[in-house]
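Colleague: Could you take a close look at the sheet in this model and describe how its strands are arranged and what surrounds them?

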Amino acid sequence: MVLASCGQREESATDGLEAFDWPTPSPAIYKITGEDSDVEGWLMGTIHALPDGIDWRTEAITQAIDDADYLILEVDNFDDSAATFSQLSTTPDLGALAPRVAPDLREDLNAMIARSHYSAASFRDMEEWAAAIVLSQVDAPGRAANGVDRALLTEFSDRDVRGFETAAVQFGAFDTLATADQRVLLEQTVRDWTGGPNERRELMAAWIAGDIERLEEATDTGIMADPELREALLVRRNAAWIAKLELLLRNEERPLVAVGAAHVAGPDGLPAMLEARGYTVERLP
């Protein structure tokens, strides 16, 4: 998900990170080959925020960037995200945020809000899914400005850039969640924060190293352990994307597909779905 593009100010991406042992970069990138053995495109699982100074480019990634005719991201226009988020994120008369989570999480939630750049009043009438997105940035060990998708946008500044969905569709996946599911999302965001930044750093390190098994594990834990959230935020969207991608791969022009790493992992990921449709998806060295 493009969760760091909603207009919120970012936390420091460098405090306390200097001693973290980041691995040698080897993010997973795949070559998509059709039945005729021709290369039809490339697929990369991305990460939407990184600390300053992280080196993630490899020769294989650079070559795919050079060879691709156009870029496909999750969202077709980042610039629309902040306005769309503002339109969808509030509902009148919801009231304060803390009473909308379990009692044992309210103290931690208030501590998160105090650590953010927002007052408690800012979250009045904000829907739970939107509050979860905003608060997920508190003490985050990375910045959206360093996100891989934004770096790729720069690389493709002179080529076509497309998106699988609009900002309205992406945020709509959250906005249409049942209230109970939105609260699960918010409560899990609080729990993740209380666990400290180490797990998020470790997931970043797993992405940098191309540790597919660790990334697959992450798609079955936390928020994604909830069946309704997993279906709405991952499985259903991947199914919509694969239908569009199949049509695009039939054309002569070849895309670089760059979407969040969760969308590329496991049996519900785009590589598995492509292989089920007769394509060969091969990880590049």
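Modeller: The description below begins with the sheet and ends with one residue in it. This is a predicted model, in which local features need pLDDT of at least 70 and side-chain atom pairs count only at pLDDT 80 or more, while totals for chains, interfaces and linings use all residues. Residues are numbered from 1 along each chain as its sequence is written, and side-chain values use heavy atoms, with hydrogens and water left out.

The sheet is open and has six strands in the order β4-β3-β5-β2-β1-β6, with mixed pairing. Strands here are DSSP runs of E with at least two residues, and helices are runs of H or I with at least four, numbered from the N terminus; two strands pair if DSSP finds at least two bridges between them. Because β4 (160–165) and β6 (280–283) stand at the edges with a single partner strand each, one side of each has no neighbour in the sheet. From one strand to the next, the twist averages 25 degrees.

Strand β3 (residues 70–75) runs parallel to β4, and five bridges join the two; Y70 has D160 in β4 as its bridge partner. Helix α10 (residues 227–249) packs on the sheet, touching β1 (29–33), β2 (39–46), β3, β4 and β5 (255–260), where contact means heavy atoms within 4.5 Å. The direction of α10 makes about 145 degrees with that of β4; axes are lines fitted to C-alpha atoms, for helices over the stretch in contact, and angles run from 0 to 180 degrees between N-to-C directions.

Within β3 lies E74, which is buried at a relative accessible area of 2% (buried means under 20%, with a 1.4 Å probe and protein chains only). The side chain of E74 reaches the backbone nitrogen of G260 at 2.7 Å.

Technical notes
Buried means under 20% relative accessible area, exposed over 50%, partly exposed in between (1.4 Å probe, protein chains only). A polar contact is a pair of N or O atoms within 3.5 Å; within protein, one must be able to donate a hydrogen and the other to accept it, and residues adjacent in sequence count only if both atoms are side-chain atoms.
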